[in-house]
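Subject: Structure for your review

Dear colleague,

Please find below the structure that I am handing over to you. I would be grateful if you could read the notes after it with the structure open beside them.

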Amino acid sequence: MATYIVGDLHGCFEEFQRLLEKVAFDPTEDEIWLTGDLVARGEDSLACLRFVKSLGSKAQMVLGNHDLHLLSTLLGIKRVKPNDKVDAIFQAEDREDLQNWLRNQPLVAQHPKHGFLLVHAGISPQWDLATTLACAREVEKTLRSEHYADYLAQMYESQPDYWRADLTGIARWRYCVNVFTRMRFCYADGRLDFACKSPIEEAPKELLPWFALDNPLYEQTPIIFGHWASLMGKANRKNIYALDTGCAWGQYLTMLRWEDKQLFTQPRLK
């Protein structure tokens, strides 16, 4: 049995299948973990959703910002972005089933045997493990509730940008969602920045990658994330694994086999 972790699919279904063929993935024996953003930008987001859903307990994904945005557009809260290529999902006969399955996925998952944490964007430099898991469960409970549309409608803001344990309501919910699905850079004091999307070497000097800040959790627990394609898989810190390598932007899809830390890649086909 092998444990595979793959970076953001973004609708690149054929490339995903090629990777699974390279490692002879066997869903009766192996398991696949996914860093989120199954949809948008690539050619076949619908196939990505259907396939991962079909794997049942052999697949574990976490929600990314594009997955949450898809839920918002399916609810009519937001419009589909021109480059998202998700029209087939809106026309699919299993649209409702996929929508409900997606909103029941977690924001953070911890492997029961290997202990690594899987998240789409990152984990707040102000959080320990207990806070990370508690905050994820709070948001997941909301997404699975009958009132989830009301919360998604209030998701699209960047404040608050600093964690306080006494945050409540939508402010607390929004901070957690932004950390788990949008975060890249932080200030030295832990405040989040959402304006900069540049490669690290081109970022303003006062900004640091979230994983460069001092947090004992980053040393104690392996963290695997996607979201940040310009890193091209290079976090350059022990215990931190970046797996989004920009397949949807003409680069390649990356998959990690956890047991021996071997990487497998598949270039963009279209």
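The notes below cover a strand hairpin, the pockets and the cysteines.

Please bear in mind throughout that this is a predicted model.

**The hairpin**

Strand 11, made up of residues 252-257, pairs with strand 12, residues 262-267. The two run in the antiparallel sense and are joined over six bridges. To find one of these contacts, start at M255, whose bridge partner in strand 12 is F264. Together, strand 11 and strand 12 form a hairpin, with four residues between them. One residue to look for in the turn is K261, which has a positive phi of about 60°.

**The largest pocket**

Rolling a probe the size of a water molecule over the atoms shows where empty space is left. The largest pocket has a volume of about 620 Å³. Its lining consists of 27 residues, and those nearest the centre are N65, H66, R184, K197 and H227. Helix 3 (65-74) and helix 8 (169-181) each contribute at least two residues to this lining. Helix 3 provides the largest share, namely four residues. Sorted by class, the lining of the largest pocket contains nine nonpolar, eight polar and 10 charged residues.

**The second largest pocket**

The second largest pocket has a volume of about 190 Å³. It is lined by 14 residues, with G233, A242, L243, T254 and L263 lying nearest its centre. Here the hairpin strands return: strand 11 and strand 12, as well as strand 10 (240-242), each supply at least two lining residues. The lining of this pocket divides into eight nonpolar, four polar and two charged residues.

**The cysteines**

How many disulfides does the structure hold? The number is zero. A disulfide is a covalent bond between the sulfur atoms of two cysteines. For a pair to count as one, the sulfur atoms must be within 2.5 Å. The closest cysteine sulfur to that of C247 is in C12, at 3.7 Å, which is too far for a bond. For C196, the closest cysteine sulfur is in C186, 12 Å away, and therefore also too far for a bond. Are C196 and C247 buried or exposed? C196 is buried, with a relative accessible area of 10%, and C247 is buried as well, with a value of 2%.

With kind regards

How values were computed:
Residues numbered from 1 in each chain as written. Predicted model: local features only at pLDDT ≥ 70, side-chain atom pairs only at ≥ 80, totals over all residues. Heavy atoms only, no water. Pairing = 2+ DSSP bridges. 1 Å grid on protein atoms, 1.4 Å probe; cavity = no way out; pocket = protein on both sides within 12 Å on 5 of 7 lines; lining within 4 Å. Points joined across faces, edges and corners; volume = space filled by probe spheres on them. Nonpolar A, V, L, I, M, F, W, Y, C, P; charged D, E, K, R; others polar. Buried < 20%, exposed > 50% of the residue type's maximum accessible area, 1.4 Å probe, protein only.
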